[in-house]
Amino acid sequence: MSQKPDIIIVGAGIVGAACAMECARAGLRTLVLERECVGGGTTAAGMGHIVAMDDSEAQFALTRYSRNLWIQMRPQLPEEAEYDPCGTLWVAADDEEMTEVRRKQNFFEQRGVRVEMLDSDGVAKAEPQLRPGLSGGLLVPDDAVVYPPCAAKFFLDQARTLGAEIKMGVAATHLLPEGGVRLADGTHLSADRVINVAGPWSPELMPGVPVRKRKGHLVITDRAPGFVRHQIVELGYLKSAHSVSKDSVAFNVQPRKTQQVLVGSSRQFDAASTEVDHAILSRMLSRAGEYLPGLNDLVAIRTWTGHRPATPDKLPLIGPSLFSDRIWLATGHEGLGITTSLGTGRLLADLLLGQPTEIPSEPFSPSRYANGASHHE
Amino acid sequence: MPDRRLQFDIVIVGAGPAGLAAACAASECGRKAALLESAPWIGGQIWRGEEAHFANTQARYWINRVRKSGATLLTGTNVIAANTPITLLAEQPHGAVEIQWRKLILATGARELFLPFPGWTLPGVFGPGGLQGLVKNGWPVAGKKVVIAGTGPLLLAAADGLKKHGARVVLIAEQTRKSHVAELGLTLLAYPGKVLQGAALKARLLGVPQRYGVWPVRALGSDHVRVVELTNGRDTWTENCDQLACGFHLVPNVELPITFGCDLRNGFVKVDHWQMTSVADVFCAGEPTAIGGVNAALVEGQIAGYAASGQLEKAERLFSQRATHQTFAQALDKTYALRDELKGITTDDTIFCRCEDVTFARVKQHRFGREAKLQTRCGMGICQGRICGAAAKIILGWEQSSVRPPVHPARINSLTTHNQAH
C-alpha cells in the first residue's frame, strides 16, 4: 500500500475479516494485520452457528441483520465454507421451557422471523434421535451452520480483491493513540484509525477493554450420516449461557456437512489455559447424551477448546474506544461472533464513514462503559 | 455403564518389547503392576502373532516371562486420555476404565513413516510392517509378486517374512546408498549377535534382487496396484507387482507422552538415565525415546521397570548395555537418513491427507500445519494427522500439531466416565 491506510484492522478472525471486507467495499484504504493465520483464534474454535437470538432487542437486531447478510451472501460462498441451512431446533424438556418456547415464538413472529412451533411428536419427528418425552420445541428454519475458518478466509479474500492489503504473521503489539500501531519488531505503521478486532486478546492490546475470556469445549465425532438434521439446542441453554459467574454446560449439537456431529457446549470464566478440562468435558458430553442417547455410541475423534470474548452486558463493542478516537473496537462478540461478523462489518464501515447505520448502533457503542460501570445482571 | 476403576503401583502402557521388559522388571519383585495393550495380543507390532505360535526365541522368552511375572495383563485396553495427573482413562471392548497409578511407564512404540507419492493410496499398497502384520493374520501372499521399497532394516525383515509365506519378492528397493549400509556393516562388527542375525537373514534372502539408492516415484493401476515406477535419480523404470510394500522407517508414537505432559527433544521423548521423563514418576522406554530396535527397547524397558520399582542397582547394571544399543541406534539413524530427493516425490495431485482426501497442491499453499489444517481439513480425519503430519514434517518442515484427548478415537460414552466415577 503506497498511501497511508485509512484503517488498520488488527486481527483476522471472522469479525476482522468481515470488517476488512466491508470497509474495503465502502472504499476505505484498509490494512489487515494478523499474527498467526486467518480464523485461527476464537473463529477456529467456534461451532459456526448462524442464529437469530432474542436475549435483548439489540442482540436480536444485530443477529437478524447479520443473518440476512449471510443469506444474501450464500450464493457467493465457496463450497468449503460449508453453508448449510439446517435451521435451529430449540427443544423444551418440560412445561417451564415450553412457556419459553411460546415466548420465543411470539417474539420472533412479531418481528417477522419465520418459526415453527413443534409439539412433543413434532420434535420426535424432526429429530428421531432425541430422547422420547420432550415437551416440544421451536424450529427456526432460516438459521444455518457454516465452517468458520473457511468463511473467514473467503471474507479476507474478498477484502483483498476489493483493494485491502493483508499482512499475515505480523503481530501488532501496541495501538497508538495518535493513530497507527507498533509491531513486534518495533516498526511503526500509521493510519487514521486502528480497529482492535482481537477478540479475547483485545484487552492485551488495550488494557481496560471490558472483555473477559470465556472458555468453551467442543467435541467432534467420526462420520455419522443423518444422525441429526438441525442444530439442536436445549432451552436450558439460556439459563446456562446467561449465568455470568458459574461454569456451565448445555446440550448444543450440530450436523456438519462432513456428516460428523459437533457437540457443545461449555462456558467457564477465569480458565485461561487451553487444556481440555476433563471434568467439564464429561459433564458436557453427559448432558448431550441425556438428550441424544445414541450419541454415547458415536466415536469422538477430537476435542478442542477456545475462548469467547465476553462483555458484561453480552453485547459486542463496536465503535470508537474511550481511550482515543483513533482507536476503535470491534470485539466482545462472546459466542455470536460467527453470526454477527457480517453485521459488525457493515456497522463499522458506516460508523467510520459517518453514514447512517441500518440498525441502531448505540447499544454497541463502547461509550456505554464510560463510567467504568458495567451493568452485570 | 460398565465403568470400572483400577489401581496399580506401576502401570505400563504398550506390550511391545519395551513394555514386556518393563512389566517383568517392575512386577517380579512383587509390586502390583499392570501391562496395558490396545491390541488383543501382547508382543507389539514386531512380535505380532508370536503369542499364538512362537517363531522368535526372544519373543518366546519375554512373553513367557511376563506371563509368570505376576503383572496383570490388560489387552484390548486403549489409553485415550490422562484424565487427572495420576489417572488415565482407557477404553476396553465393553466400556471405559479409569486406572490410577503411582508410577507410569510409557512404551508406546513407533509407527511406519509414509511419504505420499502418486498412487500410494491404491489398494495393494501397504507399509512393509503393515503387510507383514496382515500376512501373519492370514492375508494370502503365496505366489504374489511383491516389491518392497522405502528404507530401513524393516524392509529386509518384511522381505524375509513375506518370502516365508510364499510371496515372490521381485525387488527390495532401499533408498539409502550401498556405501552407507556398508558402513553400518562395519559398525555391526562390534555386535556379534547382530552380525549373526544379519548373516542368517542375508542367507535367507539369497536370490532376492536388492538395489540401493533406489526409490519409488509412482504406483500405477486402475483398481489395484499393478506397476511401480522406480528411479535411481538418473534412470526411471517400472516393475510389475501385485503388492507394493513401501515405508520410510519409523516415527515414534509420542502422542500419549505429550498428553501426560512429557517434554520432547528433536521429536523424541526426553528421558534421564532412569528412563524418567520430564514429568516426575512418568517413565518412557523404547522407540519413543529413539528408534533403536528390539534390543534397545528391551534394555530400556528393564531399566524403566527397575527404576520405577525402586530397584536402582539392577537398573544401573544395565546402563552400559543401553549405551551400546544407543550407539547402534545412532548408526541406524545415520545409515537410513532420508535423501533429499524424497521430498520431491509428492506431486501436486497426490492425495496428501488420505483421511480427508486433501491433495498436496492444496496443502502446500499454506505456511504452516495449523493453517493448512484449518483451511483444508488436512489432518482432521480419523487418524488425526498421524500419517500426514509425519509426512508434512519431512516434506514441508512443519511441526506437528498439538495433541488433544482422546489420543485415539473413543466412544463418547468413554469420555463421560470421569463424571460417572465421581
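**Exercise 1. Determine how strand β4 of chain A pairs with its neighbours and how its side chains are placed.**

*Solution.* Strands β4(A) and β6(A), the latter spanning residues 136-140, pair in the antiparallel sense over 5 bridges. Strands here are DSSP runs of E of at least two residues, and helices are runs of H or I of at least four, numbered from the N terminus; two strands pair if DSSP finds at least two bridges between them. The model is predicted: local features need pLDDT of at least 70 and side-chain atom pairs pLDDT 80 or more, whereas totals for chains, interfaces and linings use all residues. Residues are numbered from 1 along each chain as its sequence is written, chains are lettered from A and ligands numbered from 1 in the order written, and side-chain values use heavy atoms, without hydrogens and water.

Next, consider the other partner: β14(A), residues 231-234, runs parallel to β4(A) and is joined to it by 4 bridges. Leu89(A) stands opposite Leu139(A) in β6(A), and its bridge partner in β14(A) is Ile232(A).

Finally, examine burial (under 20% relative accessible area is buried, over 50% exposed, in between partly exposed; 1.4 Å probe, protein chains only). In β4(A), residues 88-92, 5 of 5 residues are buried. Thr88(A), Trp90(A) and Ala92(A) point one way, and Leu89(A) and Val91(A) the other. In a regular strand the side chains alternate between the two faces of the sheet.

**Exercise 2. Describe the interface between domain 1 and domain 2 of chain A.**

*Solution.* Begin with the bounds, which come from an automatic or database domain assignment: domain 1 comprises 7-48 + 148-210 + 313-369, and domain 2 comprises 84-142 + 212-310. Their centres, taken over C-alpha atoms, are separated by 29 Å.

Then assess the area. Domain 1 and domain 2 of chain A bury about 1,300 Å² between them, 58% of it on carbon and sulfur atoms; buried area is the accessible area (1.4 Å probe) that two parts lose on being put together, summed over both. In domain 1 of chain A, Met47(A), Pro200(A) and Glu334(A) lose the most area to domain 2, together 52% of what that side buries.

Last, count the salt bridges (a side-chain nitrogen of Lys or Arg within 4 Å of a carboxyl oxygen of Asp or Glu): the interface holds 3. Helix α2(A), residues 42-45, gives the most to the domain 1 side that touches domain 2, with 3 residues.

**Exercise 3. Explain why helix α13 of chain B is largely enclosed.**

*Solution.* Of the 10 residues of α13(B), 386-395, 7 are buried, so the helix is largely enclosed by the rest of the structure. Among them are Cys388(B) and Ile395(B). Just after α13(B), Gly397(B) takes a positive phi of about 75°.
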